[in-house]
Amino acid sequence: MEKNEISGQRQMEFLKKFDYIREAGTEGEAKAAHLIQEELKELGVENHIEEFSFDTFQINYAKLTVTEPYHKEYTVIAYGRCGNTKKDGLQAPFLYVENGDDISLMGARGKVVMLNNRVDAGMYQKLVKAGAAGFISISGTPLDEGEDLKPTAYRLPKMSESAASRLPGAAIHYKDAIELVTKGASQVCLETDQETVTRTSGNVIAHIEGTDKKEEILTLTAHFDSVPEGPGAYDNMAGGAIIMELCRYFHAHRPRRTMEFIWFGAEEKGLLGSQNYVQVHEKELAMHQFNMNVDLAGQLVGGTVIGVTGDASICQMMTYLAHEAGIGMSTKHQVWVSDSNSFAWKGVPAMTLNRDGFGMHTRHDTIALLSDWSLKRSAELLGHIADRLGNIETMPIIRTMPEEFVKELEEYFA
Ligand SMILES: [Zn+2]
């Protein structure tokens with residue numbers, strides 16, 4: 001490919017238009033989708049938006065009050081998908097159970113327990129089994145000050161238990177957690193309230209038809225939604241900028257195979273945009289050769305990884321192509337938790353280009369930490385791979401999905 005036609009500065013200029021929170025189903029996300037479409041229109045690339053709706057939780061309030069042996073209200077944030085307490089709250093004894101080991105949990109029955117880490121599906125089941133009445137998990141660090149003293153908004157995974165039978169839970173900041181234990185909190189009142197709401201998100205899809213192998217499709221994808229905590233520059237508007245730069249390039253240098261560029265919505269809500277895409281386009285998936293996804297990109301200090309979910313030979317192929325491009329990277333052969341999973345789940349070989357960096361899912365994930373040097377390099381690497389695969393005579397990507405990945409993906413999407 002013509003490397004000199006890839007610009008890091010142009011990607012930065014594009015990114016500056018998205019320095020705001022783009023939580024799925026909110027105005028921010030809709031505004032971003034519109035801006036992506038505007039840019040494509042300016043480039044003269046055919047595009048459309050595919051909307052879909054999804055159910056999510058809306059947290060109304062959460063409060064933790066210590067009532068014995070002292071009285072104080074603490075700032076907490078309710079877990080998404082946790083249970084609601086009754087109107088006057090859950091009054092219960094309090095117990096710190098560290099990492100939720102079996103010994104500590106022996107005394108948990110009927111109590112609001114505080115744990116060191118985020119409660120995942122496994123820990124949630126342990127808490128239910130131990131008879132806990134509710135839970136508090138600790139977030140943040142002892143170094144935090146000011147705005148960072150806000151606890152993290154966690155969510156429970158989707159569960160079969162009805163909302164009414166779930167345990168109420170919330171996150172508290174590290175410093176407050178220390179105070180609860182040192183001041184000997186023994187009795188608390190936990191209040192949580194949330195409801196399920198239906199929201200609309202969408203995928204922006206641009207289509208560049210291949211010149212002579214148009215029935216073979218390659219996808220270049222990146223999610224453009226963010227978490228509610230911050231404007232998600234690194235995670236993942238940077239990925240959105242990289243594929244926009246490549247869309248511009250391949251519009252000017254039309255490949256033999258068809259390329260589809262997709263900006264997915266609602267990735268942060270559980271890969272919802274890409275799941276909607278593979279369902280809506282199920283009949284065409286047999287034409288899909290390879291998904292090239294980008295998630296987490298653009299920071300200068302970091303390493304580049306290509307996570308391949310497909311045949312092991314694809315790792316070698318990616319390494320070979322990176323050598324050709326003269327760009328350092330390493331590969332991982334595994335199921336990657338990003339939109340590439342939705343393709344792999346449907347049998348389409350997939351990869352995610354990923355760069356490690358700082359501040360994902362926090363208010364610190366802003367364009368201030370992004371670098372045009374890094375954006376240019378990643379766009380060159382992905383562009384080189386896409387250029388080769390887009391124009392090579394016979395597609396070298398083997399379609400077989402390793403048995404263990406098939407199993408893991410089935411479990412993931414169940
Ligand atoms: Zn992401």
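Here are some notes on a predicted model, to read with the structure open beside you.

1. Start with helix α6, which runs over residues 233–252. Its 20 residues reach 27 Å from the first C-alpha to the last, close to the 28 Å expected at 1.5 Å a residue. Try colouring α6 by burial: the helix is mostly covered, with 17 of its 20 residues buried.

2. Stay with α6 and look for the cavities. The count comes to two of 30 Å³ or more, and the largest has a volume of about 50 Å³. Which residues line the largest cavity? They are R10, Q11, F14, E39, A241, M244, E245 and R248. Two elements give two or more residues to this lining, namely α1 (8–15) and α6. The biggest share comes from α6, which gives four residues.

3. Now check what kind of residues surround that space. The lining of the largest cavity divides into four charged residues, three nonpolar and one polar.

4. The second largest cavity has a volume of about 30 Å³. Around it you'll find S226, V227, G230, G232, D235, E268, H361, T362 and D365. By class, this lining has five polar residues, three charged and one nonpolar.

5. Next, the aromatic rings. The structure holds ten aromatic pairs. One of them is W345 with F413, a stacked pair at 4.1 Å centre to centre with 20° between the planes. Where do these two sit in the chain? W345 belongs to helix α9 (residues 340–345) and F413 to helix α11 (residues 403–413), so the pair links distant parts of the chain, 68 residues apart. Both W345 and F413 are buried.

6. F413 has another ring partner to look at, Y412. Why does the pair of Y412 and F413 count as edge-to-face? Their planes stand at 80°, and edge-to-face needs over 60, so the pair earns that label. The ring centres are 4.9 Å apart. As for burial, Y412 is partly exposed, with a relative accessible area of 35%, while F413 is buried at 15%. The cut-off for buried is under 20%.

7. W345 turns up again with a charged group. The charged end of K346 sits over the ring of W345, 4.3 Å from its centre. You can spot a similar arrangement elsewhere: the charged end of K31 sits over the ring of Y20, 4.1 Å from the ring centre.

8. One last thing to find on screen is a ring cluster. Ring pairs link Y79, Y124, F135 and Y154 into it.

Note on methods:
Residues are numbered from 1 along each chain as its sequence is written. This is a predicted model: local features need pLDDT of at least 70, side-chain atom pairs count only at pLDDT 80 or more; totals for chains, interfaces and linings use all residues. Side-chain values use heavy atoms; hydrogens and water are left out. The expected span of a helix is 1.5 Å times one less than its number of residues. Buried means under 20% relative accessible area, exposed over 50%, partly exposed in between (1.4 Å probe, protein chains only). Rings of Phe, Tyr and Trp (its six-membered ring) pair if their centres lie within 6.5 Å; planes under 30 degrees apart count as stacked, over 60 as edge-to-face and the rest as tilted. A charge sits over a ring if NZ of Lys or CZ of Arg is within 6 Å of the ring centre and within 35 degrees of the ring normal. On a 1 Å grid over the protein atoms alone, a cavity is a set of points where a 1.4 Å probe fits but cannot get out, and a pocket is an open set with protein on both sides within 12 Å along at least five of seven lines; lining residues have an atom within 4 Å of a point. Grid points are joined across faces, edges and corners, and a volume is the space filled by probe spheres set on the points. Ala, Val, Leu, Ile, Met, Phe, Trp, Tyr, Cys and Pro count as nonpolar, Asp, Glu, Lys and Arg as charged, and the others, Gly among them, as polar.
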